[in-house]
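Here is a short walk through a two-chain model, written to be read with the structure open beside it. We start with the sheet, move out to the helices, and finish where the chains meet.

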Amino acid sequence: MKAIDPHIHMSSRTTDDYLKLAISGIHTVIEPAFWAGFDRSSAASFRDYFHLISVTEPARAARFGVKHYCWIGLNSKEAEDLKLSEEVLALLPEFLDRPTALGIGEVGLNKNSRNEIRVLEQHLDLAVKRNELLLIHTPHLEDKLKGTRIIMDMILAKPALDPGRVLIDHAEEHTIREIKENGFWFGLTLYPNSKGSPERAIDAVELYGTERLCINSSADWSVSDPLSILKCANEMRRRGYPETDINRVFYENPKTFLSQCPKFQAA
Amino acid sequence: MTPPYQKMNASEILELYFIENRARLLDIASFLDRIDRYEGAEEARDDFRYRALRQALELVQKPGPGRTAAIQLCFSDPTSEPIASALGLKAFGAFEGGTP
């Protein structure tokens, strides 16, 4: 089967993983800018990172026939420092202009603090100004419900932002309904220990339908699996779903959402 | 659903998933036994995460759909006001103060 992983941190993975993706049918990946596992000490460090995900990774991926795109933004975990945030935000337009950058992301909230909200507000204003797609990171664990609601209120307060051009990621059973009812796309993340399993993801497909849904691995430097979307597709298959439904969830849906950015071409 | 694909019935779902969920349940029981066996068990059992887990286990036994969402809510921060600062904070998996 052919699949798109709409959220995977390939700069944290080995080159062998590109080969695994390529021979398994995942020929298009999108890498959001995120927290690298440590707090960066300066805006220059972010500049190098944005170059890595917008230039170096696409070149590494191309050697295996994989198309690599990225999202550019300041992750919420490093948004508490407002001075650093201002400096990083000033870098964004230059990298959003890169041919592989599809929009602003992953930006959102981490612990739902006032500074995180202030920095997210600036990202949203930039998205309006440039008419960018948005990939939203929602908080982990006990902070997810509250953070998701704050984020949706902030976006809906800006009429220039179309919820159909916003994907709210890391949704779970207690947030999916509200996200869908507000007209947003939603993402389900498959993480072996701390997020959703293939079984729960397909339960969500059964409960909420296939519309405006993208499923991703979010594979990074932590316990994660770059082939998890295929294992999830197989979970759908073993429950008896036809290949057309599986293709819709794992290929057509991400293609539809991402194709709203004219730079995107699925392999 | 288009033939030849057939939607499974509940008995087939039970057949397909019983063994792996039996194992998951034993993992949880073993985790609770492990806490009881180790020094400081009383303190651990008083931790907000332990209490939230016990509350979630009660929700598992409730009849009808919606158990998963109910457990997610049981672990969640129910407040709506932003916090003053995130400096030094991390997520624990349960809301401190969420269980009596």
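## The sheet of chain A

In this predicted model, chain A holds an open sheet of 8 strands in the order S1-S2-S3-S4-S5-S6-S7-S8, with parallel pairing. Strand S1 (3-5) and strand S8 (213-216) of chain A are the edge strands, each pairing on one side only. On average, neighbouring strands of this sheet are turned by 25° against each other, direction ignored.

## Strand S3 and its partners

A good place to look more closely is strand S3 (residues 67-72) of chain A. How many of its 6 residues are buried? The count is 5, so S3(A) is mostly covered, taking buried to mean 20 or more other C-beta atoms within 10 Å. On one hand, S3(A) pairs in the parallel sense with strand S2 (residues 26-32) of chain A, over 5 bridges. Within that pairing, Lys67(A) is the bridge partner of Thr28(A), and Glu31(A) stands opposite Cys70(A).

S3(A) also runs parallel to strand S4 (residues 101-108) of chain A, and 3 bridges join these two strands. Here Ile72(A) of S3(A) is found opposite Ile104(A) in S4(A). As background for reading such pairs, side chains in a regular strand alternate between the two faces of the sheet.

## Helices against the sheet

Which elements make a right-handed β-α-β unit? They are S2(A), helix H2 (residues 43-62) of chain A and S3(A). H2(A) packs on the sheet and touches S2, S3 and S4 of chain A. The direction of H2(A) makes about 170° with that of S3(A).

Helix H4 (114-130) of chain A packs on the sheet as well. H4(A) touches S4 and strand S5 (133-137) of chain A, and its direction makes about 155° with that of S4(A).

## Backbone details to check

Some backbone features deserve a look on screen. The peptide bond from Gly105(A) to Glu106(A) is cis, with omega near -15°. Glu106(A) belongs to strand S4 of chain A.

Two residues have a positive phi although neither is a glycine: Asn112(A), at about 65°, and Arg212(A), at about 55°. Asn112(A) sits in the loop between S4 and H4 of chain A, while Arg212(A) lies in the loop between helix H7 (198-208) and S8 of chain A. Are these loop residues buried or exposed? Asn112(A) has 26 other C-beta atoms within 10 Å and is therefore buried. Arg212(A) has 20 other C-beta atoms within 10 Å, so Arg212(A) is buried too.

## Two buried residues and their surroundings

Phe250(A) is part of helix H9 (residues 243-258) of chain A. Phe250(A) counts as buried because it has 26 C-beta neighbours inside 10 Å. Which residues does Phe250(A) touch, not counting those up to four places away in sequence? They are Ala3(A), Ile215(A), Ile229(A) and Ala233(A). Leu124(A), by contrast, is 126 residues from Phe250(A) in sequence and 28 Å from it in space, C-alpha to C-alpha.

Glu172(A) is in the loop between strand S6 (166-168) and helix H6 (176-181) of chain A. With 23 C-beta neighbours inside 10 Å, Glu172(A) counts as buried. Leaving aside neighbours within four places in sequence, Glu172(A) is in contact with Lys144(A), Gly196(A) and Gln72(B). Ala157(A) is 15 residues from Glu172(A) along the chain, and their C-alpha atoms are separated by 23 Å.

## Where chain A meets chain B

The contact with Gln72(B) leads us to the two chains as a pair. Chain A gives 25 residues to the contact and chain B gives 27 residues. On the side of chain A that touches chain B, the elements giving two or more residues are helix H4 (114-130) and helix H5 (144-156) of chain A. H5(A) supplies the largest share of that side, 5 residues. By kind, the residues on the chain A side divide into 6 nonpolar, 7 polar and 12 charged.

Chain B itself is assigned two parts: domain 1 (1-46) and domain 2 (47-80). Taken over C-alpha atoms, the centres of domain 1 of chain B and domain 2 of chain B are 15 Å apart.

Definitions and conventions
Residues numbered from 1 in each chain as written. Chains lettered and ligands numbered in written order. Predicted model: local features only at pLDDT ≥ 70, side-chain atom pairs only at ≥ 80, totals over all residues. Domains from an automatic or database assignment. Buried ≥ 20, exposed ≤ 12 C-beta atoms within 10 Å, placed from the backbone. Helix = DSSP H or I, 4+ residues; strand = E, 2+ residues; numbered from the N terminus. Pairing = 2+ DSSP bridges. Right-handed = clockwise from strand over helix to strand, strands pointing away. Contact = placed C-beta atoms within 7 Å. Nonpolar A, V, L, I, M, F, W, Y, C, P; charged D, E, K, R; others polar. Axes fitted to C-alpha atoms, helices over the stretch in contact; angles between N-to-C directions.
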